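Please open the model in your viewer and keep the selection panel at hand. The tour moves from one selection to the next and says what is to be found at each.

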Amino acid sequence: MPTEESKVGKEGLTTRNPAGGLAGIPNELSTPIAPGTARAVLSVSVPRETVAGEQRVALVPELVPKLIQAGLEVHVQAGAGAAAGFPDSAYQAQGARVEADRFGHADIVLRVRPPSLEEIASLKEGAVLIGFLEPYTNGPGIQALAARKATAFALELMPRITRAQAMDAISAMSTVAGYKAVLLAAIRLTKFFPLLMTAAGTVSPARVLVIGAGVAGLQAIATAHRLGAVVEAYDTRPAVKEQVESLGATFVELALETQDAEAKTGYAKAQSEEFYQRQRQQLLPYVAAADAVIPTALVPGRRAPLLITEEMVRSMRPGSVIVDLAAEQGGNCELAEPGQEVERHGVLIIAPLNLPSTVPFHASQMYARTVTNFLLHLVKEGRVNLDLGDELTRGPLVVHQGEIVSAVVNAALATKV
Ligand code: NAD
């Protein structure tokens, strides 16, 4: 007995649910195609990004042939890749059509940042949208996508499992951010990073402290180490110690109970305020000794933990730098002002937003690879095939058939009402 139902929609979208369906998701599309109806080729569109300052693009020319081979047409809005260093002609050379505006005609839209409410209103009804949709905070956008009956995937919700690694856009962008944060620190620090032995005497290397050694933190460690700094790092997840040491850094040992600090998902668990207070006390001498501090500590779905107080900033030498990579989630440093650079007690505190966009060529290439891998995971014989029993499909699915179907997103949006 088959245990799954399947229907093909007029946009070539097939939904397969496990028997009985999944909570909140209807088992059938509302507009099944009549048997024998000729199928149009699905079009994938890459519109220009419209969030201010965004320089990345969701698809790079080298990946166009992969989508065409999968039975899709590729349309790129004129100028979409220009800021990232990909001219229209490069897309055309790979078989894409470059057009003035394709948003409203596309069956599948690839984006980096969430579309505006106006763009969503112009989306073709039932279109598939893939990108960073800021699902925990972008309530109006998510609701507008549901009203448009879009099928929307938020790449922030891709499960952290081995099978999903090639589709993990967040990790790809964290790599870019970790690298660029160190370069910012190196440029703004009043010192060299490396040890120098010159005719003018010996210059001692800079000391860099990385707090939080996940994807961004590990890349920051590797980059600072390559530039010749002496690097120390701390993370609440004990499993990270070996990775830190393998990159040439010293793992900072704090007298804190961290055996239970890692969730099954691989992310850090939130700790008690008392824990953070003890952590701050114990981190103080390491922060005071550092020339550059790069905090990257995050706990999913929460404000970033406060790990560097004003007192700790005051303990640093004048001319030191903090690059707060947790700025988008409120910052790890008490004095960080997201999106700003401020000088406090002689210390420069940089709290950048969207660092990946400042390395737009490679950030776009890496992002586009994850998006393409995900899209090709969904497409079978030129159709979008939604196997809702597959966690790679189900995890990032936020909106489907007019409903917000992600439990975590519904919970987050409910708390904001
Ligand atoms: P993240 O961006 O959520 O957090 C950054 C780091 O901050 C994490 O290492 C976390 O442990 C750390 N942190 C949280 N609170 C802290 C505190 N109080 N003090 C110090 N550090 C603190 O995490 P991430 O970098 O996206 O990923 C974390 C881990 O998830 C990775 O190291 C990896 O093991 C796993 N992962 C798996 C996959 C996969 O299998 N597809 C993909 C990405 C990441």
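## Around helix α12

Begin by selecting α4 (139-147), β20 (397-400) and β21 (403-404), which are among the elements that cover the buried residues of α12. Bear in mind throughout that this is a predicted model.

Next, select helix α12 itself, residues 407-416, and highlight V409, A412 and L413, which are buried. These residues lie on the same side of α12, because they cover an arc of only 95° around the axis. Then turn to the other side of α12 and colour A407, A414 and T415, which are exposed.

## Around the ligand

Now select the ligand together with the 24 residues around it, and label R160, V215, D235, R237 and Q279, the ones that come nearest. If you colour this shell by residue class, it divides into 11 nonpolar, nine polar and four charged residues.

Which atoms of R160, Q279 and L298 should be picked out beside the ligand? For R160, show the side chain, where a polar atom lies 3.1 Å from an oxygen atom of the ligand. For Q279, again show the side chain, since an N or O atom there is 2.8 Å from a nitrogen atom of the ligand. For L298, display the backbone instead, where an N or O atom lies 3.3 Å from an oxygen atom of the ligand. Finally, switch to a surface view of the ligand, which taken alone exposes 840 Å², and of that area the protein buries 88%.

How values were computed
Residues are numbered from 1 along each chain as its sequence is written. This is a predicted model: local features need pLDDT of at least 70, side-chain atom pairs count only at pLDDT 80 or more; totals for chains, interfaces and linings use all residues. Side-chain values use heavy atoms; hydrogens and water are left out. A residue is near a molecule or strand if one of its heavy atoms lies within 4 Å of it. A polar contact is a pair of N or O atoms within 3.5 Å; within protein, one must be able to donate a hydrogen and the other to accept it, and residues adjacent in sequence count only if both atoms are side-chain atoms. Accessible areas come from the Shrake-Rupley method with a 1.4 Å probe; for residues, only the protein chains shown count as cover. Ala, Val, Leu, Ile, Met, Phe, Trp, Tyr, Cys and Pro count as nonpolar, Asp, Glu, Lys and Arg as charged, and the others, Gly among them, as polar. Buried means under 20% relative accessible area, exposed over 50%, partly exposed in between (1.4 Å probe, protein chains only). Helices (H or I, at least four residues) and strands (E, at least two) are DSSP runs, numbered from the N terminus. The arc is that of the directions from the helix axis to the C-beta atoms. Contact means heavy atoms within 4.5 Å.
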